[in-house]
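Reader: I would like a close look at a single part of this structure, the packing of one pair of helices, together with the core around that part and the loops beyond. Please take it step by step and name the residues as you go.

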Amino acid sequence: MVLRYAELSPKELAKAIAAHSTAICPLGALEWHGDHLPLGLDGIVAEAFAERLAELIPSIILPTSWHAMTTLPGPGSLSMHSTRFRELVSEQLRQLLLLGFESVLFLSGHYAQGHMIVLYESCLEVME
């Protein structure tokens, strides 16, 4: 059974965290991949992967975050400055740990070197 954070009541969430202490956070970008693909492709892929992963390991899936940096230039691409992205990831991780999650998996469907480096560094900073 796939548990979705946004669909749980506060009591259901507390019970779910006690039983499933892993949060899965899909990340995607809204960016141009060509005229034949949707702008949300990265998040769509990350969300589908998160659903399959949640069928294999006890976890709770958070809503997909559409904030990314270093997106491809093109019509419809949205990009965030690295400072804001770092703050967003760090704060989300801190909040999830405070709620009682023991592990948090960020699944990024957006692969850009700068994006991945800042994501990695943000997680390391919070873990330290």
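Author: What follows begins with the helix pair, goes on to the core, and ends with residues in the loops. The model is a predicted one, and the description should be read with that in mind.

The two helices are α3, residues 82–99, and α4, residues 113–127. Their axes lie 9 Å apart, and the helices pack at an angle of about 40°. Angles under 35 degrees would count as roughly parallel and those from 65 to 115 as roughly perpendicular, and α3 and α4 are therefore oblique to each other. The crossing in which α3 passes α4 is right-handed. On the side of α3, the contact is made by Ser82, Phe85, Arg86, Val89, Ser90, Leu93, Arg94 and Leu97, while α4 brings His115, Val118, Leu119, Glu121, Ser122, Cys123, Glu125 and Val126 to it. Sorted by character, the residues of this contact are eight nonpolar, four polar and four charged.

Two residues of α4 show what this contact looks like in detail. Ser122, which has its place in helix α4, counts as buried because its relative accessibility is 0%. When its neighbours within four places in sequence are left aside, Ser122 is in contact with Arg86, Val89 and Ser90, and these three residues are named on the α3 side of the helix contact. Leu119, for its part, touches Phe85 and Val89, and also Leu27, Phe106 and Ser108, again not counting residues up to four places away in sequence.

Leu119 leads from the helix pair into the largest nonpolar core, which has 22 residues. Leu119 belongs to the residues with the most contacts inside this core, a group that also holds Ile60, Phe85, Leu96, Phe101, Val104 and Phe106. At least two core residues are supplied by each of α1 (10–19), β2 (22–27), α3, β4 (103–108) and α4. Apart from this core lies another one, of six residues, including Ile24, Ala50, Ile61 and Leu107.

Phe101, one of the residues with the most contacts in the largest core, has its place in the loop between α3 and β4. With a relative accessibility of 3%, Phe101 counts as buried. Beyond its neighbours within four places in sequence, Phe101 is in contact with Tyr5, Ile17, His20, Ser21, Thr22, Ala23, Ile60 and Leu96, and of these Ile60 and Leu96 are themselves named among the core residues with the most contacts. Phe101 and Ala112 are eleven residues apart along the chain, yet their C-alpha atoms are separated by 27 Å.

The loop between β3 (60–61) and α3 offers two further residues, Thr70 and Thr64. Thr64 has a relative accessibility of 12% and counts as buried; leaving aside its neighbours within four places in sequence, Thr64 is in contact with Pro26, Gly28, Gly43 and Glu47. From Thr64 to Gln92 the distance is 12 Å, C-alpha to C-alpha, across 28 residues of sequence. Thr70, by comparison, has a relative accessibility of 39% and counts as partly exposed, and its phi is near 55°, a positive value in a residue other than glycine.

The loop between β2 and α2 (41–56) holds His36 and also Leu30. Leu30 is partly exposed, with a relative accessible area of 25%, and, not counting residues up to four places away in sequence, Leu30 touches Leu39, Gly40, Trp66, Thr71, Gly76, Ser77 and Leu78. Between the C-alpha atoms of Leu30 and Ser90, which stand 60 residues apart along the chain, the separation is 21 Å. His36, in turn, is exposed, with a relative accessible area of 64%. His36 and Ala48 lie twelve residues apart in sequence and 20 Å apart in space, C-alpha to C-alpha.

Note on methods: Residues numbered from 1 in each chain as written. Predicted model: local features only at pLDDT ≥ 70, side-chain atom pairs only at ≥ 80, totals over all residues. Heavy atoms only, no water. Core = buried A, V, L, I, M, F, W, Y, C linked by side-chain atoms within 4.5 Å. Buried < 20%, exposed > 50% of the residue type's maximum accessible area, 1.4 Å probe, protein only. Helix = DSSP H or I, 4+ residues; strand = E, 2+ residues; numbered from the N terminus. Contact = heavy atoms within 4.5 Å. Axes fitted to C-alpha atoms, helices over the stretch in contact; angles between N-to-C directions. Parallel < 35°, antiparallel > 145°, perpendicular 65-115°, else oblique. Left-handed = near helix turned anticlockwise from the far one by under 90°. Nonpolar A, V, L, I, M, F, W, Y, C, P; charged D, E, K, R; others polar.
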